[in-house]
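Thank you for letting me take a few minutes of the meeting. I would like to walk slowly through one structure, beginning with its pockets and then turning to its helices and its cores.

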Amino acid sequence: MLSPSAAVAGAFPAVHEQAMRRLAEVTGLVPVEFPTTRRVGASAAARAADVNAAFADPSIRGILAVAGGEDQITVVPHLDAGLARADPKPFLGTSDNTNLHQWLWANGIASFYGGSTQVHLGPGPRVDDVHVRSLRAALLTGERLEITDPGESEDIGVDWADPQALECFGEREATEPWSWHGPARVVNGDAWGGCLEVIQWVLTAGRFPFPPQALDGGVLIIETSEKLLPAREVGWIVRALGERGLLAAAGAVLVARPPVSDHTRRPDAAERARLRRAQRDVVVELVGRYNPEAVVCVGVPFGHTRPQWILPHGGSITVDGTQRRVFADYGSDLMHQE
């Protein structure tokens, strides 16, 4: 386990320790902590040294980020691509870890979007079934799974400082059916994407080193964070992806169910539904404008809500617009060609 962004394992150790126990229980693997895993305020260079050490250690067969944060962009310049390419291994994380997913993808290494331990393993009375299934697929079995709707969702869990975080889920509600748009066709391709806000940072920093054609026929996966961006700001980022040519290159787009509340803001049910519809509508309109041939599915549970599926990044996803089903292949070779 690593903290390449915020070291919340040090700030909230009880949740972290429960996550380590559960990781061992559901996978049979032995969790290993690196020096900055619990070191709040560790430098970017020190955090990068842990990532490099994890790739360099042949006994480490998977790397899980504890959580996200907001400054991983400063860690990336300190990473050693040669170490990662010499021994590629599964990397799992969400949110700010989009930086690492992009760095790995640029170096020809597939990863898995999801699985931050402090968010998806440590809190609550148990680990959600869809998370266990995709975690085991990513780390152990390499199987192909259908991505389904678990029927309930929470925007945010109990505050990690509250002892109840170890025993209770956040406030959950029933999900809505996924929304399908575009032509009724089947798209199979490598997935690329992550948290929209972080993708914007990656592009601004010039860390997308390929032409848009590198994504031709692939599956764009996008989600938004607990910062609760208004729909129009989400649209601005998606529009920029369109202007960059990234929307036109995609064969399909998967849009996650977005969080629309946090610990301080909890709109009523009608307003929460309206906020989700507003984001859906702006994304669907923009994808249709730049790429009317893309198959679009909105509401998939990955990213910042829970329960969530871990999805391949750089690995294969099938989006079936005829049967309205989504499948993910967790057994793709970790080394891929752009």
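Before I come to the pockets, let me settle how residues are sorted here: Ala, Val, Leu, Ile, Met, Phe, Trp, Tyr, Cys and Pro count as nonpolar, Asp, Glu, Lys and Arg count as charged, and the others, Gly among them, count as polar. Please also keep in mind that what you see is a predicted model.

With that sorting in hand, the lining of the second largest pocket divides into 13 nonpolar, 2 polar and 1 charged residues. This pocket has a volume of about 280 Å³, and of the 16 residues that line it, Leu 29, Val 30, Ile 60, Arg 61 and Gly 62 lie nearest its centre.

The largest pocket, for its part, has a volume of about 790 Å³. Its lining counts 32 residues, and those closest to the centre are Val 119, Ile 156, Trp 160, Glu 226 and His 304. Two elements, helix H6 (117-120) and helix H8 (196-204), give two or more residues to this lining, and the largest share, 3 residues, comes from H8. By class, the lining of the largest pocket has 12 nonpolar, 11 polar and 9 charged residues.

Now to the helices. Helix H2, residues 13-27, reaches 21 Å from its first C-alpha to its last, which is close to the 21 Å expected for its 15 residues at 1.5 Å a residue. Which residues of H2 are buried? They are Val 15, His 16, Gln 18, Ala 19, Met 20, Arg 22, Leu 23, Val 26 and Thr 27, and what covers them includes helix H1 (8-11), E1, H6 and H7. Just after H2, Gly 28 takes a positive phi of about 80°.

Helix H3, residues 44-56, has 13 residues and spans 18 Å, close to the 18 Å expected. Among its buried residues are Ala 44, Arg 47, Val 51 and Phe 55, and the buried residues of H3 pack against strand E1 (63-64), helix H4 (81-86) and helix H5 (98-106).

Finally, the cores. The largest nonpolar core has 49 residues, and those with the most contacts inside it are Leu 135, Ile 147, Ile 221, Leu 254, Ile 317 and Tyr 330. Helix H7, residues 129-141, gives the most to this core, with 6 residues. A second, separate core of 26 residues includes Leu 220, Ile 237, Leu 247 and Leu 286. As for Tyr 330, beyond its neighbours within four places in sequence, its contacts include Phe 112, Ile 147, Trp 309 and Pro 312.

Key. Residues numbered from 1 in each chain as written. Predicted model: local features only at pLDDT ≥ 70, side-chain atom pairs only at ≥ 80, totals over all residues. Heavy atoms only, no water. 1 Å grid on protein atoms, 1.4 Å probe; cavity = no way out; pocket = protein on both sides within 12 Å on 5 of 7 lines; lining within 4 Å. Points joined across faces, edges and corners; volume = space filled by probe spheres on them. Helix = DSSP H or I, 4+ residues; strand = E, 2+ residues; numbered from the N terminus. Expected span 1.5 Å × (residues − 1). Buried < 20%, exposed > 50% of the residue type's maximum accessible area, 1.4 Å probe, protein only. Contact = heavy atoms within 4.5 Å. Core = buried A, V, L, I, M, F, W, Y, C linked by side-chain atoms within 4.5 Å.
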